[in-house]
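Me: Please take one part of this model and go through it closely, with the cut-offs behind each term. Plain prose will do.

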Amino acid sequence: MNQERIFKVLLGPHMTEKAAFAAEKSNQYVFKVAADATKPEIKKAVESLFETRVAGVQVLNMKGKVKRSVRGEGRRKGYRKAYVTLAQGETLEDFTGNE
(Lines give C-alpha, C1' and ligand atoms only; values in the text may rest on other atoms or scores of the structure.)
Protein backbone atom coordinates (compact mmCIF):
# COMPACT_ATOMS: atom_id res chain seq x y z
CA MET A 1 0.00 0.00 0.00
CA ASN A 2 1.47 3.33 -1.02
CA GLN A 3 1.80 6.29 1.36
CA GLU A 4 -0.86 8.34 -0.40
CA ARG A 5 -3.52 5.66 0.04
CA ILE A 6 -2.67 5.31 3.76
CA PHE A 7 -3.55 8.96 4.35
CA LYS A 8 -6.73 8.62 2.28
CA VAL A 9 -7.87 5.55 4.25
CA LEU A 10 -7.24 6.94 7.75
CA LEU A 11 -8.84 10.37 8.06
CA GLY A 12 -7.98 10.88 11.72
CA PRO A 13 -8.60 9.71 15.27
CA HIS A 14 -12.11 9.79 16.68
CA MET A 15 -11.78 10.89 20.30
CA THR A 16 -14.85 10.54 22.50
CA GLU A 17 -15.35 9.29 26.04
CA LYS A 18 -16.32 5.89 24.69
CA ALA A 19 -13.17 5.77 22.51
CA ALA A 20 -10.95 6.74 25.46
CA PHE A 21 -12.54 4.05 27.61
CA ALA A 22 -12.04 1.44 24.85
CA ALA A 23 -8.38 2.44 24.48
CA GLU A 24 -7.80 2.17 28.21
CA LYS A 25 -9.63 -1.09 28.90
CA SER A 26 -9.58 -3.24 25.75
CA ASN A 27 -6.65 -1.87 23.70
CA GLN A 28 -8.98 -0.61 20.94
CA TYR A 29 -8.48 2.66 19.10
CA VAL A 30 -11.09 4.45 17.01
CA PHE A 31 -10.39 6.14 13.67
CA LYS A 32 -12.52 7.96 11.16
CA VAL A 33 -11.94 6.21 7.83
CA ALA A 34 -12.81 6.76 4.19
CA ALA A 35 -16.15 5.53 2.91
CA ASP A 36 -14.50 3.08 0.50
CA ALA A 37 -11.92 1.70 2.96
CA THR A 38 -11.89 -2.06 3.56
CA LYS A 39 -10.81 -3.91 6.70
CA PRO A 40 -7.52 -5.18 5.18
CA GLU A 41 -6.68 -1.66 3.99
CA ILE A 42 -7.36 -0.20 7.44
CA LYS A 43 -5.23 -2.90 9.06
CA LYS A 44 -2.28 -2.28 6.70
CA ALA A 45 -2.58 1.49 7.12
CA VAL A 46 -2.48 1.35 10.94
CA GLU A 47 0.36 -1.19 10.95
CA SER A 48 2.53 0.83 8.56
CA LEU A 49 1.74 4.27 10.00
CA PHE A 50 2.11 3.43 13.71
CA GLU A 51 4.46 0.42 13.34
CA THR A 52 2.31 -1.88 15.50
CA ARG A 53 0.59 -5.23 15.04
CA VAL A 54 -3.18 -5.21 14.59
CA ALA A 55 -5.27 -8.10 15.93
CA GLY A 56 -8.62 -7.09 14.43
CA VAL A 57 -10.69 -4.37 12.79
CA GLN A 58 -14.40 -3.64 13.19
CA VAL A 59 -16.01 -1.09 10.87
CA LEU A 60 -19.33 0.69 11.24
CA ASN A 61 -21.22 3.40 9.39
CA MET A 62 -22.50 6.32 11.42
CA LYS A 63 -25.59 7.92 9.92
CA GLY A 64 -25.92 11.68 9.99
CA LYS A 65 -28.43 13.16 12.39
CA VAL A 66 -31.65 14.73 11.14
CA LYS A 67 -31.87 18.37 12.21
CA ARG A 68 -34.81 20.73 11.89
CA SER A 69 -34.65 24.44 11.27
CA VAL A 70 -37.00 27.18 10.13
CA ARG A 71 -36.38 26.18 6.50
CA GLY A 72 -37.30 22.51 7.04
CA GLU A 73 -35.44 19.32 7.76
CA GLY A 74 -31.85 18.67 6.85
CA ARG A 75 -29.43 15.85 7.45
CA ARG A 76 -25.87 16.10 8.70
CA LYS A 77 -23.21 14.24 6.82
CA GLY A 78 -22.58 10.66 7.93
CA TYR A 79 -19.16 9.07 8.34
CA ARG A 80 -17.48 5.71 8.77
CA LYS A 81 -15.37 4.71 11.73
CA ALA A 82 -13.19 1.74 12.56
CA TYR A 83 -12.43 0.14 15.91
CA VAL A 84 -8.87 -1.20 15.63
CA THR A 85 -7.81 -3.78 18.21
CA LEU A 86 -4.05 -4.00 18.67
CA ALA A 87 -2.15 -7.17 19.46
CA GLN A 88 -1.34 -8.05 23.06
CA GLY A 89 1.30 -5.70 24.49
CA GLU A 90 1.00 -3.07 21.73
CA THR A 91 -0.10 0.54 22.40
CA LEU A 92 -0.30 3.85 20.58
CA GLU A 93 1.38 6.53 22.69
CA ASP A 94 0.75 9.31 20.14
CA PHE A 95 -2.96 8.55 20.08
CA THR A 96 -3.97 8.99 23.74
CA GLY A 97 -2.61 12.49 24.31
CA ASN A 98 -1.81 12.08 28.02
CA GLU A 99 0.76 14.85 28.06
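Reply: Just after α2, N27 takes a positive phi of about 60 degrees. The model is a predicted one, in which local features need pLDDT of at least 70 and side-chain atom pairs count only at pLDDT 80 or more, while totals for chains, interfaces and linings use all residues. Residues are numbered from 1 along each chain as its sequence is written, and side-chain values use heavy atoms, with hydrogens and water left out.

The helix before N27, α2, spans residues 17-26 and lies across β2 and β6. Helices (H or I, at least four residues) and strands (E, at least two) are DSSP runs, numbered from the N terminus. α2 runs at about 140 degrees to β2; axes are lines fitted to C-alpha atoms, for helices over the stretch in contact, and angles run from 0 to 180 degrees between N-to-C directions.

A19, A22 and A23 of α2 are buried, that is, under 20% relative accessible area, where exposed means over 50% and partly exposed in between (1.4 Å probe, protein chains only). Down the axis of α2, the buried residues fall within an arc of 95 degrees, so they line one face of the helix; the arc is taken from the directions from the helix axis to the C-beta atoms. β2 is part of what covers them. The other side of α2 has E17, K18, F21, E24 and K25 exposed.

N27 also has a partner further along the chain: E90 touches N27, T52 and R53, leaving aside residues up to four places away in sequence. Contact here means heavy atoms within 4.5 Å. E90 sits in the loop between β6 (79-86) and α4 (93-96). Its side chain makes a polar contact with the side chain of R53 at 3.5 Å. A polar contact is a pair of N or O atoms within 3.5 Å; within protein, one must be able to donate a hydrogen and the other to accept it, and residues adjacent in sequence count only if both atoms are side-chain atoms.

As for the strands under α2, the open sheet of 4 strands has the order β1-β2-β6-β3, with antiparallel pairing; two strands pair if DSSP finds at least two bridges between them. β1 (10-13) and β3 stand at the edges with a single partner strand each, so one side of each has no neighbour in the sheet. From one strand to the next, the twist averages 30 degrees. β2 and β6 are joined by 6 bridges, and Y29 stands opposite V84 in β6.
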